[in-house]
Amino acid sequence: MVLPRGVDAPLLVRDATTDDAAAVGEVHAEAWRVAHRDLVDGRWLAKLVEDRRTCWPEVMKTRQYARNTLLVAERGHRVVAFVYFGPHPEGMPDAEIYDLYAHPSVWGTGVAWTLMDAAWDQLREARFRRAKAWTMTGANRARHFYESFGFEQTERRREHDFGDGRPVLEVEYLRATR
């Protein structure tokens with residue numbers, strides 16, 4: 001158990017199990033609903049939120065999931081955040097943070113930072129040279145978090161269409177692990 005900076009309740013960071021799928025989905029959905037409400041059309045956002053709420057049981061059955069790592073932060077037997085990471089799709093020696101979300105009720109409490117510290121330890125142990133992450137240009141909370149954790153924005157950009165035909169611009173962040 002760890003006490004995150006500025007938090008008086010113990011926090012357990014551990015590997016996720018399939019029993020955590022619904023809780024991870026709930027964190028993912030609520031974080032998306034609040035963080036992206038100004039970035040995605042409301043009707044489409046509702047669909048995307050529901051997709052995130054229900055996708056994790058299937059994600060956890062995939063071959064790709066088996067080669068990656070999903071850590072959860074648990075407070076009082078409740079999953080309040082998660083980080084999902086693994087090898088970068090373009091190959092070693094880089095890693096990618098695929099997802100990092102905290103429930104809005106714990107935003108600003110240090111939970112995400114503590115969780116990312118644990119992920120960072122594992123990335124170093126696995127001897128990844130760097131870690132990359134992508135986030136929407138308008139996701140200011142996420143961008144601030146990555147920057148405060150030592151990630152630097154690169155020149156790489158991409159458009160991502162979540163299915164509504166209105167692509168959003170994403171930026172890449174990068175940090176060396178050593």
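Start by selecting Ala81 and Ala102: in β4, Ala102 is the bridge partner of Ala81. You're looking at a predicted model, by the way. Now colour the two strands around that pair. β3 and β4 run antiparallel to each other, and seven bridges hold the pairing.

**Along β3**

Keep β3 selected, residues 78-87. Is it enclosed or open? Nine of its ten residues are buried, so the rest of the structure largely encloses this strand.

Next, add β2, residues 69-75. This strand is also antiparallel to β3, again with seven bridges between the two. Two cross-strand pairs are handy to click on. Ala73 sits opposite Ala81 in β3, which is the Ala81 you began with, the bridge partner of Ala102 in β4. Leu70 faces Tyr84, also in β3.

**The turn between β2 and β3**

Follow β2 to its end and you'll reach a hairpin with two residues between the strands. Select Gly76 there: its phi is positive, near 60°. Then select His77, in the loop between β2 and β3. What is unusual about the phi of His77? It is positive, about 65°, although His77 is not a glycine. Most residues other than glycine have a negative phi. His77 counts as exposed because its relative accessibility is 77%, with over 50% as the cut-off.

**Zooming out to the sheet**

Show every strand now. What order do the seven strands take? Reading across the open sheet, you get β1-β2-β3-β4-β5-β7-β6, and the pairing is mixed. At the edges are β1 (12-15) and β6 (152-160), each of which pairs on one side only. Turn the view and look for the twist, which averages 25° from one strand to the next.

**β4, β5 and Asp94**

Go back to β4 (residues 94-102) and add β5: they pair in the parallel sense, over four bridges. β5 covers residues 130-136, and six of its seven residues are buried.

Now pick out Asp94, which belongs to β4. Is Asp94 buried or exposed? It counts as buried because its relative accessibility is 6%, and the cut-off is under 20%. Which residue stands opposite Asp94 in β5? That's Arg130. Show both side chains and you'll find a polar contact of 2.8 Å joining Asp94 and Arg130. Leaving aside neighbours within four places in sequence, the contacts of Asp94 also include Pro87, His88, Phe128, Arg129 and Lys132.

For another stop on the loop between α5 and β5, select Arg127. Like any residue here it can be checked for phi: Arg127 has a positive value near 65° and is not a glycine. With a relative accessibility of 65%, Arg127 counts as exposed.

**Helix α6**

Select residues 140-148, which form helix α6. Which of its residues are buried? They are Arg143, Phe145 and Tyr146. These lie on the same side of α6, because they cover an arc of only 160° around the axis. Swing round to the face turned away from that buried side and you'll meet the exposed residues Asn140, Arg141 and His144.

What covers the buried side? The cover includes β4, α5 (111-125), β5, β6 and β7 (168-176). Just beyond the helix, click on Gly150, which follows α6 and has a positive phi near 100°.

**Last stop: helix α2**

To get there, draw a distance from Asp94 to Leu48: their C-alpha atoms are 29 Å apart, and 46 residues separate them along the chain. Leu48 is one of the buried residues of α2, along with Leu45, Val49 and Arg52. They share the same side of α2, since they cover an arc of only 105° around the axis. In an α-helix, residues three or four places apart point the same way, because there are 3.6 residues a turn. Show α1 (21-35) and α3 (56-59) as well, as both are among what covers the buried residues of α2.

Select the whole helix, residues 42-54: its 13 residues reach 19 Å from first C-alpha to last, close to the expected 18 Å. Finish at the N-terminal end of α2, which Asp41 caps. Look for a side-chain oxygen of Asp41 lying 3.3 Å from the backbone nitrogen of Arg43.

Conventions. Residues are numbered from 1 along each chain as its sequence is written. This is a predicted model: local features need pLDDT of at least 70, side-chain atom pairs count only at pLDDT 80 or more; totals for chains, interfaces and linings use all residues. Side-chain values use heavy atoms; hydrogens and water are left out. The expected span of a helix is 1.5 Å times one less than its number of residues. Buried means under 20% relative accessible area, exposed over 50%, partly exposed in between (1.4 Å probe, protein chains only). The arc is that of the directions from the helix axis to the C-beta atoms. Contact means heavy atoms within 4.5 Å. A polar contact is a pair of N or O atoms within 3.5 Å; within protein, one must be able to donate a hydrogen and the other to accept it, and residues adjacent in sequence count only if both atoms are side-chain atoms. Two strands pair if DSSP finds at least two bridges between them. Axes are lines fitted to C-alpha atoms, for helices over the stretch in contact, and angles run from 0 to 180 degrees between N-to-C directions.
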